[in-house]
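Keep the sequence and the model side by side. The text below walks from the surface to the sheet, and then into the cores.

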Amino acid sequence: MSQPTPDAFAAADQRAVYRAIHQRRDMRHFAGGEVAPALLRRLLDAAHHAPSVGFMQPWRFIRIRDAALRQRLHGLVEQERVQTAQALGEREDAFMRLKVEGLLEAAEVLAVTLTDGRERHVFGRRTLPQMDLASAACAIQNLWLAARAEGMGMGWVSLFDPVAVGALLGLPEGAEPIALLCLGPVHGFYDEPMLQRERWAQRSPLSSMVFDDRWGRPSALFDAPQVGTCNSD
């Protein structure tokens with residue numbers, strides 16, 4: 001049995017971290033209500049403490065408080081939902097049955113954007129410019145895990161035309177929307193990922209995604225019996 005490192009969290013704290021990871025869900029059903037301002041600040045602070053390449057902190061959050069603006073965003077999402085369904089061919093009907101009403105039902109809606117002027121940040125981005133997006137995704141994940149620990153549901157909506165959403169939100173040139181986050185109380189968290197529950201897709205085994213030394217070479221890490229499972233979305 002391996003010994004804990006000196007800086008390891010206490011066992012109960014470790015379990016809490018893994019619990020948040022494993023029980024986080026991409027929520028599509030919300031119960032209205034509200035997110036207290038102090039809690040919302042706490043969640044955004046968790047997001048703001050995410051790692052970022054070159055410490056660029058490319059994330060910006062726009063809190064959507066106007067009901068009419070929510071409706072307009074929902075309309076843009078619905079347009080893209082229909083076009084995505086049509087592009088799916090034989091799975092069109094199954095896709096259209098998936099619910100995306102969180103923009104109207106959730107207590108809070110946050111638009112997450114990449115800031116303008118990101119080209120100034122060369123550190124870590126010269127050959128991988130997409131690291132600004134990766135950094136912002138880390139911020140979203142921080143917020144998601146903190147929300148789950150606080151008993152709040154969150155869903156990430158990405159069905160939209162970024163140009164149309166950017167214009168609607170008045171983004172400056174060079175800024176780019178990457179997510180519409182629905183956040184708030186839920187009636188209950190899904191026992192398993194919604195898309196898995198709806199038989200849209202299944203989680204692939206981890207052993208099929210970890211290689212040793214080169215692409216496609218199965219990792220010896222999984223030769224021994226495995227302990228623990230992960231069933232998050």
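A residue counts as exposed when its relative accessible area is over 50%, and as buried when that value is under 20%; anything in between is partly exposed. The coordinates come from a predicted model.

Start at the surface with helix H3, where Ala-87 is placed. Its relative accessibility is 70%, so Ala-87 counts as exposed. The helix spans residues 67-87. His-74 is found in H3 too. With a relative accessible area of 12%, His-74 falls under the 20% limit and is therefore buried. What does His-74 touch, beyond its neighbours within four places in sequence? Its contacts are Val-100, Glu-101, Leu-103 and Leu-104.

Helix H1, residues 11-23, holds Val-17. Val-17 has a relative accessible area of 39%, so it is partly exposed. From Val-17 to Leu-221 there are 204 residues along the chain, and their C-alpha atoms are separated by 23 Å. Ala-87 and Cys-138 make another such pair: 51 residues apart in sequence, 29 Å apart in space, C-alpha to C-alpha.

Now turn to the sheet. Strands of a sheet pair through backbone hydrogen bonds, either parallel or antiparallel. Which order do the four strands take here? The order is E1-E2-E4-E3, the sheet is open, and the pairing is antiparallel. Strand E1 (59-63) and strand E3 (153-157) are the edge strands, and each pairs on one side only. From one strand to the next, the twist averages 25°.

Look at the E3 edge. E3 pairs with strand E4, residues 176-184, in the antiparallel sense over five bridges. Gly-155 stands opposite Cys-182 of E4. Val-157 has Leu-180 as its bridge partner in E4. Is E3 mostly covered or mostly open? It is mostly covered, for four of its five residues are buried.

Helices pack against this sheet. Helix H2 (residues 37-48) lies across E1, strand E2 (108-114) and E4. H2 runs at about 160° to E1. Helix H6 (residues 131-149) packs on the sheet as well, touching E1, E2, E3 and E4. The direction of H6 makes about 0° with that of E4.

Next, the interior. In soluble globular proteins, nonpolar side chains tend to be buried together. The largest nonpolar core of this model has 27 residues. Which of its members touch the most others? They are Ile-64, Val-77, Leu-169 and Leu-180. H3, E2 and E4 each supply at least two residues of this core. H3 gives the most, with five residues.

Leu-180 deserves a closer look. Setting aside neighbours within four places in sequence, Leu-180 is in contact with Leu-73, Val-77, Leu-103, Leu-110 and Ala-111, and also with Gly-155, Trp-156, Val-157 and Phe-160. Another core lies apart from the largest one. That other core has 24 residues, among them Ala-50, Trp-144, Met-152 and Leu-181. In a regular strand the side chains alternate between the two faces of the sheet. With that in mind, compare Leu-180, a member of the 27-residue core, with Leu-181, a member of the 24-residue core.

Aromatic rings come next. How many aromatic pairs are there? The count comes to two. In one of them, Trp-144 and Trp-156 are tilted, at 6.2 Å centre to centre with 55° between the planes. Trp-144 lies in helix H6 and Trp-156 in strand E3, so the pair ties together parts that are twelve residues apart in sequence. Are these tryptophans buried or partly exposed? Trp-144 has a relative accessible area of 8%, so it is buried. Trp-156 is at 24%, and so counts as partly exposed.

Finish with the cysteines. Cys-182 has 2% relative accessibility, so it counts as buried. Cys-138 has a relative accessible area of 31% and is therefore partly exposed. How many disulfides does the model contain? The count comes to zero.

Note on methods. Residues numbered from 1 in each chain as written. Predicted model: local features only at pLDDT ≥ 70, side-chain atom pairs only at ≥ 80, totals over all residues. Heavy atoms only, no water. Pairing = 2+ DSSP bridges. Axes fitted to C-alpha atoms, helices over the stretch in contact; angles between N-to-C directions. Contact = heavy atoms within 4.5 Å. Core = buried A, V, L, I, M, F, W, Y, C linked by side-chain atoms within 4.5 Å. Buried < 20%, exposed > 50% of the residue type's maximum accessible area, 1.4 Å probe, protein only. Disulfide = S-S within 2.5 Å. Phe/Tyr/Trp six-rings, centres within 6.5 Å; stacked < 30°, edge-to-face > 60°.
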